[in-house]
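Trainee: I'd like to go through this one with you, beginning with the charged side chains. Let's put it on the screen.

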Amino acid sequence: TECQVREKDVYTEYLTPSVRFVLGEPIYVIIQPTVDGRAAYQTQNDPDYPGSIATVFSAESIRSASTTVHEMTHALQDACIGVRCPAWFTEGLPEMVSNELIAVNDQPRQESLGLDAEGNSLIQVWRSHGAGGATFPEALTYQAYRHAYYIMKTLRDRHGDDFYTQVFREMATRRGKRLLDVELIDLMSRISGEELEGFFADTLG
């Protein structure tokens, strides 16, 4: 079945006021009937749109406003920042945006996810969607998403709406690179004017 493709200008208008992203090129949305269930993901390897960011939805997942906004926020992260980050940031931002724009009513909660067999904090070894890191059972994954939302929302509430605008602007100067936890915490500390090591020791420890 041929895919339906359309530029999602409406989501650019929808999300930009919240996270202050400025989109320089289109993000393509592909509704793919052969994708199973609730699946949705980003790719820059679609043969019809080489080098462009495409978000692929199943016929079911595109009907969910929360999934659509969550995934389009991921796409905007890729397009406007282009930095690989820890999962608590990569997933925490879309969770905050989707919950607060469309009132999903998931509650941001500080969760204790525990340690892995080697004594590492699970929230730090978490790689969303199991990409190169810890894979969690469904219940623990849900806790991880709520905890990531808690981290991002707490920082926004504490430091104001302009905090993430400045964070994103500086992150974008490192496009194509990976930011480790310690580097992202240092960046956020400098922008906030507050030493955030204590906050992150509590939330990532």
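Trainee: Which residue does the side chain of Glu170 meet in a salt bridge?

Mentor: Quick ground rules: residues are numbered from 1 along each chain as its sequence is written, and side-chain values use heavy atoms, with hydrogens and water left out. This is a predicted model, where local features need pLDDT of at least 70, side-chain atom pairs count only at pLDDT 80 or more, and totals for chains, interfaces and linings use all residues. A salt bridge here is a side-chain nitrogen of Lys or Arg within 4 Å of a carboxyl oxygen of Asp or Glu. At 3.3 Å, N to O, the partner of Glu170 is Arg174.

Trainee: Are Glu170 and Arg174 buried, exposed or partly exposed?

Mentor: Check the cut-offs: buried is under 20% relative accessible area, exposed is over 50%, and partly exposed is in between (1.4 Å probe, protein chains only). Glu170 comes out at 23% and Arg174 at 22%. That makes Glu170 partly exposed, and Arg174 is likewise partly exposed.

Trainee: How many salt bridges does a search of the whole structure find?

Mentor: The general idea is that side chains of opposite charge can pair when their charged atoms come close. Running the search over the whole structure, the total is 7.

Trainee: What is the distance between the closest N and O atoms of Lys153 and Asp157?

Mentor: Look along helix α5, residues 138-159, where the two sit 4 residues apart, about one turn of the helix. (Helices are DSSP runs of H or I with at least four residues, strands are E runs with at least two, and both are numbered from the N terminus.) Lys153 is partly exposed at 23% relative accessibility, and Asp157 is partly exposed at 46%. The closest N and O atoms of this salt bridge are apart by 2.7 Å.

Trainee: Why are Arg190 and Asp186 separated by about one helical turn?

Mentor: These two also form a salt bridge, with the closest N and O atoms 3.4 Å apart. Arg190 is partly exposed at 45%, and Asp186 is partly exposed at 39%. They are about one helical turn apart because both lie in helix α7 (residues 181-192), with a spacing of 4 residues.

Trainee: Which residues do salt bridges that share partners join into one network?

Mentor: The Lys153 and Asp157 pair from earlier is a salt bridge, and it belongs in this picture. The network formed through shared partners consists of Glu100, Lys153, Arg156 and Asp157.

Trainee: Which residue's backbone oxygen lies 2.7 Å from a polar atom of the Asn99 side chain?

Mentor: Asn99 sits in helix α3, residues 87-102, and is buried because its relative accessibility is just 5%. Its C-alpha atom is also 7.3 Å from that of Ser66, 33 residues away along the chain. The backbone oxygen you're after belongs to Glu95.

Trainee: How many disulfides does the structure hold?

Mentor: A disulfide is a covalent bond between the sulfur atoms of two cysteines, detected here as a pair of cysteine sulfur atoms within 2.5 Å. Cys80 is buried at 18%, as is Cys85 at 14%. For disulfides, the count is 0.

Trainee: How many helices and how many strands are there in the protein chain?

Mentor: Read the elements from the N terminus: β-α-β-β-β-α-α-α-α-α-α-α. The tally is 8 helices and 4 strands.

Trainee: Which element supplies the largest share of the largest nonpolar core?

Mentor: A nonpolar core is a set of buried Ala, Val, Leu, Ile, Met, Phe, Trp, Tyr and Cys residues joined through side-chain atoms within 4.5 Å. The largest has 34 residues, and those with the most contacts inside it include Trp88, Met188 and Phe200. Helices α3, α5, α6 (162-172), α7 and α8 (197-204) each supply at least two of its residues. The largest share, 7 residues, comes from α5.

Trainee: How many residues are in the second, separate core?

Mentor: Among its members are Val29, Ile31, Ala40 and Ala75. The size of that second core is 11 residues.

How values were computed: Polar contact = N/O pair within 3.5 Å; in protein donor to acceptor, adjacent residues only side chain to side chain.
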